[in-house]
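Work through the following exercises with the sequence and the coordinates at hand. Each task is followed by a solution in steps.

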Amino acid sequence: MKRNKQINIQHALALAGTFNFLSCCARASLLPFLTLFLRQQGLSPAMTGIIMGTKHLIALLWSPASSLLSKHYDKRRGVIVGSLVCSAVVVVLLLFLPPADVHVNCTTSDLSGGPTGSPTGGGVMKSSAAPSTLPRTKIHTATVPLTHAHEAKPAPALTDETALYDLDKPPLPGENANKSLTAGGVISVAPSTSTKVHIASVSHSARVPANPLTDKPGPVLTDEAALYDLDKPPLSEDVKSAAEPAAVRKRRSDKKMEEENPSQFEFLGSLKVMDAQHQLFFLILIAVSLWEFTAAPLEWTADDGLYDYLDFADASDRYSSTSVWGVVGSAFGVGGAGLLVSQLPCLVAGGFPRSAAFFFLYVFIGFVTVPVAVYLPLYLNKKRDRGGGLLKALQLVHSSPHALLCVTTTFLVGAAGSAVDNFLLWQMQDHGSSEMHMGVSLALALVSQAAYPLLGGRISKRLTPGKVLVVGAASLGVQCFYYSFLWGPWAVFPAQMLSCFSSGALWWAVKVQCEEVATPGSERSVRRVLSSLSLNLGIGLGSFAGGFVVQRFGLTWLFRGVALCVMLWCACLPLLQFKAPRQCRINYSRLLAANGSDASDSESESDWLEKAMEENRFKNNSGRRVH
């Protein structure tokens, strides 16, 4: 006879809490600072918004699909472990993409350093270009020997495409003897017996000075051509005869391949003409999409497996206690990451900038979470199929006017929250905040959100869930309006205290609304429709719109516009809630729990059931009279 395995609920809850703490800590150590990293890479606000919006839309579609597939094939544990490992590996690819800017500063408070150039000892001249004008190229150094000091003249500028040859050739004649062509213009080099010329990059075309004997303008030389004197003797006939057949063969083969695959060559041609910033944008977009594709299945798959396990042990009522550890882990991760990175030098191991420490923390915590995921309590309930749970939840939400108002509110809150998530750190950085200020402020907002249950009992006695929803959305509008008036590194801290209402109170009201709408067994599906699908859709579309608003009007007007839209909705929401009919459902599980002590008395049992049904009939009739 097979012996049943004993279930330890306390052990299962401890493992689930540890897993939520570590996984949320890993995400919070990187995700809030991701847009800051994209800004340091040289991407525009519109590009940043497109990348973040694509990331959230992938999570919106792939999270439920991967959860259903992992349950159908009974591969939940493999999906969880694979998501942790693969996401940690893929995210490192972002560190190997070179930034689009030439000038990369160490400090986070100043990203827009202009052109610099100053002579140094030993006859060395360094030049750099502004980020908005030149793509980043590898710096090459060429040593140009000069003649005697009294007749020293600078040698021509050498690019990374130019062959270093004929260094003893006489310098340029006449008034051009003291000039050399660079990307930014002219650089004078002091006389010396041996001079090093540092050139970051060259422009795509440069005109050779006019010939003083003929007064004719010189030809235009591209960056693929060597910048040398035009009076240099041409190649010999033997060299020409040997080179021409090879060039002809190459042109014929290229033409033949282009005729065979015209679409492929059109795409490659478009990539060649694209500037460095757009090339970097597409590479980061592909890398972030792949990263989200590997990371999105983690939350839903682990959540479903744990709930089925507790439901099998008749302890599903204790499932919500594990979510608190996720908020605590997020606060610990974002605050610790900000404090740690702010103490690092400009460059860390391998020559990476110190912002790469956010990625290293994500990878490290992700691999630490793997052993916990291996022993995470999971259970597959084959008898109960929730494949159509989301569709049923959508039908329930669609049939309730108050639930539709709640969905609209969460959508707008997600769109407004995307402006805070994506560009608040940009606004803080422009006012002198470092990673320490950013991490501590975000951690304070999470701690304030987690503290709402301490005040929820008193607030629920004075305000209905509908009014609490309005107060939460209005608090978010006040926060966004305050963010547009920041004046210093620590100025954001008072507004973060309002997260107790803008996040904690708002999601408490959403949870109550879910309980009123849901039928027995569909509570989690309805909550996911309101708090996950609607929220992610709002964040995704809000990221797209927010990026273009910042590109056109700036950060200040983004936060003011978001605050105005949210406050207008808060002014209309109470009126819509008053006009909407309320359809109450009897929550039999709640009634049974409240009257469990009187379950043996058949008379009292029938009394409360009849009373509940009569109240429900009265409320439905009064709702119809309103219309």
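**Exercise 1: a surface patch**

At 43% relative accessibility, phenylalanine 293 counts as partly exposed, because that class runs between buried (under 20% relative accessible area) and exposed (over 50%), with a 1.4 Å probe and protein chains only. The model is a predicted one, in which local features need pLDDT of at least 70 and side-chain atom pairs count only at pLDDT 80 or more, while totals for chains, interfaces and linings use all residues. Residues are numbered from 1 along each chain as its sequence is written, and side-chain values use heavy atoms, with hydrogens and water left out.

Task: place phenylalanine 293 in its helix and state which residues make the nonpolar surface patch.

Solution. Step 1: phenylalanine 293 lies in helix α7, residues 276-295; helices are DSSP runs of H or I with at least four residues, strands are runs of E with at least two, and both are numbered from the N terminus. Step 2: Leu93, Leu290 and Phe293 make a nonpolar patch of about 280 Å². Patches take residues with over 30% relative accessible area and no salt bridge, joining nonpolar side chains (Val, Leu, Ile, Met, Phe, Trp, Tyr) within 5 Å and like charges within 9 Å. A salt bridge is a side-chain nitrogen of Lys or Arg within 4 Å of a carboxyl oxygen of Asp or Glu. Areas come from the Shrake-Rupley method with a 1.4 Å probe; for residues, only the protein chains shown count as cover.

**Exercise 2: the chain as a whole**

Task: give the helix and strand counts, the buried share and the accessible surface.

Solution. Step 1: the protein chain has 21 helices and six strands. Step 2: 42% of its 627 residues count as buried. Step 3: the accessible surface comes to about 34100 Å², and carbon and sulfur atoms hold 62% of that.

**Exercise 3: nonpolar cores**

Task: describe the largest nonpolar core and the contacts of leucine 530.

Solution. Step 1: a nonpolar core is a set of buried Ala, Val, Leu, Ile, Met, Phe, Trp, Tyr and Cys residues joined through side-chain atoms within 4.5 Å. Step 2: the largest has 98 residues, and Leu94, Ile284 and Leu530 have the most contacts inside it. Helix α12 (residues 401-430) gives the most to this core, with 13 residues. Step 3: a second, separate core has eleven residues, among them Phe19, Leu84, Val372 and Leu376. Step 4: not counting residues up to four places away in sequence, leucine 530 touches residues including Val397, Cys406, Trp507 and Leu535; a contact means heavy atoms within 4.5 Å.

**Exercise 4: glycine 366**

Task: is glycine 366 buried or exposed, and which residues does it touch beyond four places in sequence?

Solution. Step 1: glycine 366 is found in helix α10, residues 356-374. Step 2: its relative accessibility is 6%, so it counts as buried. Step 3: beyond four places in sequence, glycine 366 touches Ala26 and Leu84. Step 4: the C-alpha atoms of glycine 366 and leucine 84 are separated by 5.8 Å, although the two residues are 282 apart along the chain.

**Exercise 5: positive phi**

Task: locate aspartate 74 and aspartate 314, and classify their exposure.

Solution. Step 1: aspartate 74 is in the loop between α3 (45-72) and α4 (76-90), with phi near 55 degrees. Step 2: aspartate 74 is partly exposed, because its relative accessible area is 46%. Step 3: aspartate 314 lies in the loop between α8 (297-312) and α9 (323-342), with phi near 60 degrees. Step 4: aspartate 314 counts as exposed, because its relative accessibility is 72%.
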